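Q: I have a structure open here and would like to talk it through piece by piece. Could we take a look together?

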Amino acid sequence: MKFNNYKYKDSGIDWLGNIPERWKVLKVKYCSDVIMGQSPSSDEYSDDSDLLPFLQGNADFTTRYPIPRVYCNSANKRVPKGSILLSVRAPVGALNEADQEYGVGRGLCALIPKSDLHKEYTWFQLHITRVELDSLATGSTYDAVSVDEVADMLILVPSKSEQQAIASFLDRETARIDALIQKKERMIELLKEKRIALITQAVTKGLDPNVPMKDSGIGWLGEVPEHWEVKKLKYLGKSLIGLTYSPEEIVFEDGTLVLRASNIQNSTLSLGRDDDVSVVTRIPNKLMVVEDDILICSRNGSKALIGKAAIIGSEVNATFGAFMTVFRSRFNRFIIWVLHSSMFSSLCSGYVTSTINQLTQDDLNNISIPLPPDNELKEITKHLEKESYFIDKLIIKADRSISLLREYRSSLIHHAVTGKIDLRGYDAQAQ
């Protein structure tokens, strides 16, 4: 379909540039009601789902509709179904839509579009104009904006028919993009499952499907090739616990890098991160990592991180923190694959309790693993390196594709709600 071209005018806003000449630029408070959240006392919260669902902040957000974790009938600020929920605390500007009545806390505000604003158009428009809030975010410990700053945020208002056309177009096109993203995300999940299954099979059964098997004597391990040994890690190498450092010793550059759980990303070592920390103190030589050391997350607030491991490459000048363990042995090129198997992740779940998430040094040392002869060990290691390389390439390619789709989605929304695409006369039914 061929659409007419807009005539444009200067919006007077640097980041926005030219807009269609008939469009208005209004402050949010002139076209929407703004409700600022307010939090009751925490002892009034309940897990009784028969009460009013209560949202404290963006931690309850999903891609579109929130999932409440607490309930509270004494909430002073209530917002109706259809309200657009906006986070006023970090990350400032996160958006969700109320799919029912909610009580809202001080981490959120709600926008209720007035009659001259189409709700779905407003939803997409706010994805663009919320960037104003980034420069306004203040706070000594976290970014935040006030209700007045939200109310003064600018919003573009075309005619009601254009709003409808823009909303219909974006509903259709973003749904297509989101469906593609979901397919690629599912593909990544399946590739990761395949990778783990491949690793687990190789490190517990070997590469020869016809080899005679024997009972390992360990219930969770089951049968292993009869010519393999089963050894505790303490008989194969040495585990080392990192040090605790005082705040005075910590710097963000010009010191010795301290490896932490955040440095383990997707089973590999991630360096040069924005959140890396270093220390200005003398580190004992034995606590400086060397090539082929295995870095293991042994204690963390997140249960999912316990047991996550990565192997150290060459020329890494670093030590490791108190919540990390390093395992050092000549078998590490094989052991790292054991630690990436489903067998090990399942085992680590047993070291997570309601009070503490910790894989102690004794726990690690006493873990038994299957150990093939040296020549077979090298063969399995080489096989897994090759197969994982190809799977990882596919995962990286899919991740990149998802990033590009998300960039395209954002660009499409931006162009539609700022009038860079003329959608007058758009008919979703005709597409």
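Q: Let me start with Glu120: is that residue buried or exposed?
A: Glu120 counts as buried, because its relative accessibility is 13% and the cut-off for buried is under 20%. Please keep in mind throughout that this is a predicted model.

Q: Which helix is Glu120 in, and what does Glu120 touch further off in the sequence?
A: Glu120 is found in helix H2, and once residues up to four places away in sequence are set aside, Glu120 touches Arg64, Ala167 and Asp171.

Q: What about His127, where does that one lie?
A: His127 lies in helix H2 too, which covers residues 119-129, and the side chain of His127 reaches the backbone oxygen of Trp123 at 2.7 Å. Leaving aside neighbours within four places in sequence, His127 is in contact with Leu95 and Ile413.

Q: Since it's a prediction, what is the average pLDDT of the chain?
A: The chain averages a pLDDT of 89, and 94% of the residues score at least 70.

Q: And where is the confidence lowest, and where highest?
A: Confidence is lowest in helix H3, residues 131-136, with a mean of 74, whereas the highest value, 96, belongs to helix H9, residues 374-417.

Q: Switching to H6: why would you call that helix largely enclosed?
A: Helix H6 runs over residues 332-339, and seven of its eight residues are buried, so the helix is largely enclosed by the rest of the structure.

Q: Which residues of H6 are the buried ones?
A: The buried residues in H6 are Asn332, Phe334, Ile335, Ile336, Trp337, Val338 and Leu339.

Q: Now the cysteines: how many disulfides does the count come to?
A: The count comes to zero disulfides. Cys31 is in none, and the nearest cysteine sulfur to that of Cys31 belongs to Cys109, 13 Å away, which rules out a disulfide because the two sulfur atoms would have to lie within 2.5 Å. Cys72 is likewise in no disulfide, and there the nearest cysteine sulfur, again that of Cys109, is 19 Å away.

Q: Are Cys31 and Cys72 buried or exposed?
A: Cys31 counts as buried at 0% relative accessibility, and Cys72 is buried as well, with a relative accessible area of 0%.

Q: Okay, aromatics next. How many aromatic pairs turn up in the whole structure?
A: A search of the whole structure finds four aromatic pairs. One of them is formed by Tyr6 and Tyr8, an edge-to-face pair with 6.0 Å from centre to centre and 70 degrees between the planes.

Q: Which residues do ring pairs link into a cluster there?
A: Ring pairs link Tyr6, Tyr8 and Trp23 into a cluster. Within that cluster, Tyr6 is buried, with a relative accessible area of 11%, whereas Tyr8 is partly exposed at 38%.

Q: Any backbone oddities? For instance, what kind of peptide bond joins Ala90 and Pro91?
A: A cis peptide bond joins Ala90 and Pro91, with omega at about -5 degrees, and Pro91 lies in the loop between strand S8 (84-87) and strand S9 (95-97).

Q: Why is a cis bond worth pointing out?
A: It is worth pointing out because most peptide bonds are trans, and in a similar way most residues other than glycine have a negative phi.

Q: On that second point, what is the phi of Asn266, and what is the phi of Ser267?
A: Asn266 has a positive phi of about 55 degrees although it is not a glycine, and the phi of Ser267 is also positive, near 70 degrees. Asn266 lies in the loop between strand S19 (264-265) and strand S20 (268-269), and Ser267 is found in the loop between S19 and S20 as well.

Q: How accessible are Asn266 and Ser267?
A: Asn266 is exposed, with a relative accessible area of 63%, while Ser267 counts as partly exposed at 29% relative accessibility.

Q: Last topic, then: what is the strand order in the open sheet of four strands?
A: The order is S17-S21-S18-S24, with mixed pairing. The edge strands are S17 (250-251) and S24 (318-320), each of which pairs on one side only.

Q: How does S17 join S21?
A: S17 and strand S21, residues 277-279, run antiparallel and are joined by two bridges, and the bridge partner of Val251 in S21 is Ser278.

Definitions and conventions. Residues numbered from 1 in each chain as written. Predicted model: local features only at pLDDT ≥ 70, side-chain atom pairs only at ≥ 80, totals over all residues. Heavy atoms only, no water. Buried < 20%, exposed > 50% of the residue type's maximum accessible area, 1.4 Å probe, protein only. Pairing = 2+ DSSP bridges. Polar contact = N/O pair within 3.5 Å; in protein donor to acceptor, adjacent residues only side chain to side chain. Contact = heavy atoms within 4.5 Å. pLDDT = per-residue confidence, 0-100. Phe/Tyr/Trp six-rings, centres within 6.5 Å; stacked < 30°, edge-to-face > 60°.
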